[in-house]
Amino acid sequence: MTRDLMMSRRNVLASGLVLGVSALAPAVRASAPIKVAGVHASPVENAWNSVLHKALQDAAAEGVIEYVFSEGISGTDYPRAMREYAEQGAKLIIGEAYAVEKQAREVAADYPETAFVLGSSGKESGDNFGVFGTWNHDGAYLAGMLAGKMTKSNVVGSVGAMPIPEVNMLINAFAAGVKAVNPDAKHLVTFIGTFFDPPKAREAGLAQIDAGADILFGERIGTADAAKERGLKSVGSLIDYTPRYPDTVFANALWGFRPILNAAIADVSAGKPVGKDYTAFGLLKEGGSDVAYVKGVAPADAEAAMEAKRAEIKSGAFEVPRITDEPK
């Protein structure tokens, strides 16, 4: 898996994702670097963590922050890692509270002078506990529009981590995109019960293929391996998987963390509370997410319809449904 989010020249990456970073960067650079700690529950090669890690590395390389991190931190050890970084003087701690919502908030309450901005299914808390969601559902919907016109078996599949709201919303958006152009298509869904287990995601994908799916949406890394093994097509999530799977992954629902990070850094540098929801900075219309696809794989009319819908999302004329119920 690439950690660099490098786009294939064949792929389309909306300028909004780039502009969303550069528009905020000058204000952030004007402040002195602050110490930021990344607490990653999974290895940083995991797609979600790699997006955060890359944004933090880039900010450090630009002199915006000083960055330290730990990876593969278990849920039982996670609060301890948060406390250690707070004790070491980190001004901002970036991480994920999905498995430790209650404990993470308890740690933040004990360190009111430290800012915590974590991926979470819950709400912000107090002045120093901010949250963000992984909302790349716009790109998932658009990729679904392509997949709905490409499927020959009329069956598509999605492999996800677990049915938490953000994952549900992403898979539901993909399914909605498929249904928007192909109402008769069937959608298979499998949850692997963990955030990082590529072999398990591969097995889930193979099972869906055996059940008739000829296009897979890989919310979890490893799904594309199943599609590649069977000579089928797949959609990636969070990062651009096409360079790794050039003949398999034809579209990706991208998500960029840098606009969220910039907003949090700006607040910390200005002495403002971070007890807010930063999720919106990751939306397509805000430049934080998009779709990337290999032109010419989907039918031309499908690409045209998808691009028209993408323009509507960017302008605010259309909003992709945010359905957080567990997909069936």
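The following paragraphs go through this predicted model, from one pair of strands to the contact between two domains and then to the salt bridges.

A convenient place to begin is strand S1, residues 34–39, which runs parallel to strand S2, residues 65–70, and is joined to S2 by six bridges. Within this pairing, glycine 38 stands opposite phenylalanine 69 of S2. Helix H3, which spans residues 47–61, belongs to the same arrangement, for S1, H3 and S2 together make a β-α-β unit that is right-handed.

On the scale of the whole chain, the domain assignment gives domain 1 as residues 32–131, while domain 2 is made up of two segments, 134–254 and 287–313. The centres of domain 1 and domain 2, taken over C-alpha atoms, are separated by 29 Å. Where the domains meet, 11 residues of domain 1 are in contact with 12 residues of domain 2, and about 910 Å² is buried between the two domains, with 63% of that area on carbon and sulfur atoms.

What polar links cross this interface? Two residue pairs are in polar contact across the interface of domain 1 and domain 2, both at pLDDT 80 or more, whereas the rule for salt bridges finds zero there.

Salt bridges do occur in the model, however, and the count comes to 15. One of them pairs arginine 202 with glutamate 229, whose closest N and O atoms are 2.8 Å apart. Because arginine 202 lies in helix H8 (residues 198–210) and glutamate 229 in helix H9 (residues 223–229), this pair ties together parts that are 27 residues apart in sequence.

Notes: Residues numbered from 1 in each chain as written. Predicted model: local features only at pLDDT ≥ 70, side-chain atom pairs only at ≥ 80, totals over all residues. Heavy atoms only, no water. Pairing = 2+ DSSP bridges. Helix = DSSP H or I, 4+ residues; strand = E, 2+ residues; numbered from the N terminus. Right-handed = clockwise from strand over helix to strand, strands pointing away. Domains from an automatic or database assignment. Contact = heavy atoms within 4.5 Å. Buried area = accessible area lost by both parts, 1.4 Å probe. Salt bridge = Lys/Arg side-chain N within 4 Å of Asp/Glu carboxyl O. Polar contact = N/O pair within 3.5 Å; in protein donor to acceptor, adjacent residues only side chain to side chain.
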